[in-house]
Amino acid sequence: YLQMQKLSKNKSTSYSPSQRARPLQAAVSPPELPVLDRDILFYLFKFPSLALGDERVSESDFGDARARQIFMALRQSWAAGEEKNWATRLLEALPPEQVCLTRGILLDDRENKNGENMISQLVGRLRKQRRYQELEPLVMRMAEGDLPLDIDIQQEYNRLKGELLGTRKEN
């Protein structure tokens, strides 16, 4: 213990604040993607050909800008051909923060059977949630008398509410 004290007294510890903070900053990982965005990307990485075409998944289906960027890079890397190297092209096309997130999803070893069906379910749920959120303020304003009652909007709102509550995921 005394030897360590002598060594520490002999060492110069004149670090600037930025030098002391640098190792801590490097250790901080980027915030995770929203669960649904991550799950959609997971299935698209397992079945990348499903990323092409707008009918299954579109850029607007992702709530997080980073997930949209990863999705667009996936589309470009898959569309470029050479199916064997799409993941490498994907990682090369992304900034470091997205590379970290993407690697985590690529290395996810969950079971991935029936990817097309899972993507349809996930995207369908996202689209229903988004539409529900669009309708909710309208329905509330109708209930308060600020807007005239629209039966079609009310019925769609009630249908979506029932579907979303019936398929709620437990965390």
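**Reading a helical model**

Trainee: Let's start with one residue. Is phenylalanine 71 buried or exposed?

Mentor: Phenylalanine 71 is buried, because its relative accessible area is 0% and the cut-off for buried is under 20%. Keep in mind that this is a predicted model. Phenylalanine 62 also counts as buried, at 2% relative accessibility.

Trainee: And what share of the protein's residues is buried?

Mentor: Of the 171 residues in the protein, 30% are buried. Looking at the outside instead, the protein exposes about 11700 Å², and carbon and sulfur atoms supply 52% of that area.

Trainee: Which secondary structure elements should I look for?

Mentor: Look for helices: there are eight of them and zero strands. Going from the N terminus, the order reads α-α-α-α-α-α-α-α.

Trainee: How do I read aromatic pairs, and how many are there?

Mentor: Check how far apart the ring centres are, then compare the ring planes. The count here is five aromatic pairs. Take phenylalanine 62 and phenylalanine 71: their ring centres are 5.1 Å apart and their planes meet at 40°, so you call that pair tilted. Now try tyrosine 132 and tyrosine 157, with centres 5.0 Å apart and planes at 10°; that pair is stacked, because planes under 30 degrees apart count that way.

Trainee: Where do those two tyrosines sit in the chain?

Mentor: Tyrosine 132 is in helix H7 (residues 115-144) and tyrosine 157 is in helix H8 (residues 151-166), so the pair links distant parts of the chain, 25 residues apart. Tyrosine 132 is buried at 16% relative accessible area, and tyrosine 157 is buried too, at 5%.

Trainee: Which residues form an aromatic cluster?

Mentor: Phe45, Trp78 and Trp86 form one. Rings can also have a charge over them: the charged end of arginine 110 sits over the ring of phenylalanine 42, 4.0 Å from the ring centre.

Trainee: What about salt bridges? How many are there, and which residue does arginine 110 meet in one?

Mentor: Look for a side-chain nitrogen of Lys or Arg within 4 Å of a carboxyl oxygen of Asp or Glu. The model has 13 salt bridges. In one of them, arginine 110 meets aspartate 39 at 3.3 Å, N to O. That pair links distant parts of the chain: aspartate 39 lies in helix H3 (residues 35-46), while arginine 110 lies in the loop between helix H6 (96-106) and H7, 71 residues apart. Aspartate 39 is buried, at 10% relative accessible area, whereas arginine 110 is partly exposed, at 31%.

Trainee: What is the N to O distance between aspartate 61 and arginine 127?

Mentor: For that salt bridge it's 2.7 Å. Aspartate 61 sits in the loop between H3 and helix H4 (65-79), arginine 127 sits in helix H7, and the pair is 66 residues apart. Aspartate 61 counts as buried at 1% relative accessibility; arginine 127, at 34%, counts as partly exposed.

Trainee: Are arginine 66 and aspartate 64 buried or exposed?

Mentor: Both are buried, and their side chains meet in a salt bridge of 3.0 Å, N to O. Salt bridges can share partners as well: Glu32, Arg38, Asp39, Asp108 and Arg110 are joined that way into one network.

Key:
Residues numbered from 1 in each chain as written. Predicted model: local features only at pLDDT ≥ 70, side-chain atom pairs only at ≥ 80, totals over all residues. Heavy atoms only, no water. Phe/Tyr/Trp six-rings, centres within 6.5 Å; stacked < 30°, edge-to-face > 60°. Buried < 20%, exposed > 50% of the residue type's maximum accessible area, 1.4 Å probe, protein only. Helix = DSSP H or I, 4+ residues; strand = E, 2+ residues; numbered from the N terminus. Lys NZ or Arg CZ within 6 Å of the ring centre and 35° of its normal. Areas by Shrake-Rupley, 256 points an atom, 1.4 Å probe, with all protein chains shown as cover.
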